[in-house]
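Student: Please take me through this structure by question and answer, beginning with its overall architecture.

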Amino acid sequence: MNRAATITAAAAAIAAFAVGCGSSGTSSSSSPSSSPAPATGGSGSLQVHSSPLGRILVDGTGRALYLFQADSGTTSQCYGSCAQAWPPDTTTGHPSAHGLNATLVGTTPRKDHTTQVTYHGHPLYRFAQDVKPGDTTGQGSTAFGGAWYVVSPSGTAITSTAPSPSSSGSGGGGGY
């Protein structure tokens, strides 16, 4: 009987998450159990790092930056529980680009009165479950009504997936 209760509770949690995924407004669902990155307060500094997915955009702390295919141009569609799981890369000044085409760097206003960093017209986000520089665990996710992909230096989505750690033979984690 305990197994049935556990399955029922898990199904309810998945259903609650799915309801939050379809919302672009506010939601009453809880945040992920891991410690999420702050929803605001990014440095506005963009860099390029090599990763198993190729050369990707990262923020000033080396964390992967993603684009959300459900966004409309430079307008973010990610708020509420979406922004808790996928914190927008925000800035209070003009973002800087190190090793990137500075003409592709910009900002866009958000409904919550913060300013989000954009690259090649795409609002940029971190993934709360990427806990250290080099993590790209959000790659290919389809949460909140669209796909999430890391961004190449040209400003396009990298849609491939990284090779699995077991196929590399190194046995270690893949940082920088």
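Student: In what order do the elements of the protein run from the N terminus on?
Tutor: This is a predicted model, in which local features need pLDDT of at least 70, side-chain atom pairs count only at pLDDT 80 or more, and totals for chains, interfaces and linings use all residues. Residues are numbered from 1 along each chain as its sequence is written, and side-chain values use heavy atoms, with hydrogens and water left out. Helices (H or I, at least four residues) and strands (E, at least two) are DSSP runs numbered from the N terminus; the protein has three helices and 10 strands. From the N terminus on, the order is α-β-β-β-α-β-β-β-β-β-β-β-α.

Student: Over which residues at the start of the chain is the pLDDT below 50?
Tutor: The pLDDT is the predictor's confidence in each residue, from 0 to 100. Its mean for the protein is 78, and 67% of the residues reach 70 or more. Where pLDDT is low, the predicted coordinates should not be read in detail. Values below 50 are found over residues 1–41.

Student: For which other stretch does pLDDT stay under 50?
Tutor: A contact means heavy atoms within 4.5 Å. Beyond four places in sequence, the model has nine contacts for the stretch in question. That stretch is residues 166–176.

Student: What percentage of the residues of the protein count as buried?
Tutor: Buried means under 20% relative accessible area, exposed over 50%, and partly exposed in between (1.4 Å probe, protein chains only). The protein has 176 residues. The share that counts as buried is 38%.

Student: Which element supplies the largest share of the largest nonpolar core?
Tutor: A nonpolar core is a set of buried Ala, Val, Leu, Ile, Met, Phe, Trp, Tyr and Cys residues joined through side-chain atoms within 4.5 Å. The largest one has 18 residues, of which I56, Y66, C78, W86, F144, W148 and V150 touch the most other members. At least two residues each come from β2, β3 (66–68), α2 (81–85) and β9 (148–151). The largest share, three residues, is that of α2.

Student: How many residues make up the other core, which lies apart from this one?
Tutor: Among the members of this other core are L57, L67, V105 and V117. The number of its residues is 11.

Student: Which strands stand at the edges of the open sheet with mixed pairing?
Tutor: Two strands pair if DSSP finds at least two bridges between them. The sheet has three strands in the order β2-β1-β5. Strand β1 (residues 45–51) pairs with β2 in the antiparallel sense over five bridges, and S51 stands opposite G54 in β2. Each edge strand has a single partner, so one side of each is left without a neighbour in the sheet; these strands are β2 (54–58) and β5 (96–97).

Student: In the sheet of order β3-β9-β10, which residue is the bridge partner of V151 in β10?
Tutor: This open sheet of three strands has antiparallel pairing, and its edge strands β3 and β10 each pair on one side only. Two bridges join β9 to β10. The partner of V151 is A157.

Student: Is S152 buried or exposed?
Tutor: S152 lies in the loop between β9 and β10 (157–158). Not counting residues up to four places away in sequence, S152 touches R55, L57, Y119 and I158. Because its relative accessible area is 9%, S152 is buried.

Student: How far apart in space are S152 and R55, C-alpha to C-alpha?
Tutor: In sequence, S152 and R55 are 97 residues apart. Their C-alpha to C-alpha distance is 6.1 Å.

Student: Which residue in the turn between β6 and β7 has a positive phi?
Tutor: Strand β6 is joined to β7 (residues 115–119) by five bridges, and the two run antiparallel. P109 stands opposite T115 in β7. The two strands form a hairpin with five residues between them, and the residue with a positive phi, of about 70 degrees, is H113.

Student: Which backbone oxygen does the side chain of T108 reach?
Tutor: T108 lies in strand β6 (residues 105–109), and counts as buried because its relative accessibility is 6%. Leaving aside neighbours within four places in sequence, T108 is in contact with residues including T114, Q116 and P123. At 2.9 Å, its side chain reaches the backbone oxygen of T74.

Key: A polar contact is a pair of N or O atoms within 3.5 Å; within protein, one must be able to donate a hydrogen and the other to accept it, and residues adjacent in sequence count only if both atoms are side-chain atoms.
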